[in-house]
Amino acid sequence: MDGEQRRGRLSSFVVGGLVGASAAFAAARRRRKRGPAARRTPQGLEAFEGAPCYREVVERELEELES
């Protein structure tokens, strides 16, 4: 009976290892296929500097410096 339990545990361990390894392999394959998504909106300061209100402030400051 002890031999049967060991064999059952060993086969369960082997099957679990194979299932886990195949899941890890599939996840790695899926991750490599995807590329980074292209951003359509600017990030950080670029987004702020493109705003009309920012441009108005810069123009006002330039006018004050020229005066």
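These legends go with close-up views of a predicted model.

**View 1. The whole chain is built from helices, three of them, with zero strands.** Starting at the N terminus, the elements run α-α-α. Helix α1 covers residues 2-33, helix α2 covers residues 44-49, and helix α3 covers residues 52-66. The chain has 67 residues, and 1% of them count as buried. Its accessible surface comes to about 6800 Å². Carbon and sulfur atoms account for 57% of that area.

**View 2. Confidence along the chain, from helix α2 to helix α3.** Overall, the chain has a mean pLDDT of 80, and 81% of its residues reach 70 or more. Helix α2 is where confidence is lowest, with a mean of 76. Helix α3 sits at the other end of the scale: confidence is highest there, at 87. A handy reminder when zooming in: where pLDDT is low, the predicted coordinates should not be read in detail.

**View 3. A nonpolar patch on the surface, made by L10, F13, V14 and L18.** Put together, these four residues offer about 450 Å² of accessible area. One of them, L10, is found in helix α1. L10 counts as exposed because its relative accessible area is 53%, and exposed means over 50%.

**View 4. A negative patch on the surface, made entirely of Glu residues.** Its members are E56, E59, E61, E63, E64 and E66. Among them, E63 has its place in helix α3, the helix where confidence is highest.

Conventions. Residues numbered from 1 in each chain as written. Predicted model: local features only at pLDDT ≥ 70, side-chain atom pairs only at ≥ 80, totals over all residues. Heavy atoms only, no water. pLDDT = per-residue confidence, 0-100. Helix = DSSP H or I, 4+ residues; strand = E, 2+ residues; numbered from the N terminus. Buried < 20%, exposed > 50% of the residue type's maximum accessible area, 1.4 Å probe, protein only. Areas by Shrake-Rupley, 256 points an atom, 1.4 Å probe, with all protein chains shown as cover. Patch = residues over 30% accessible without salt bridge, like charges linked within 9 Å, V, L, I, M, F, W, Y side chains within 5 Å. Salt bridge = Lys/Arg side-chain N within 4 Å of Asp/Glu carboxyl O. Lys, Arg positive; Asp, Glu negative; His and termini not counted. Charge placed at Lys NZ, Arg CZ, Asp CG, Glu CD.
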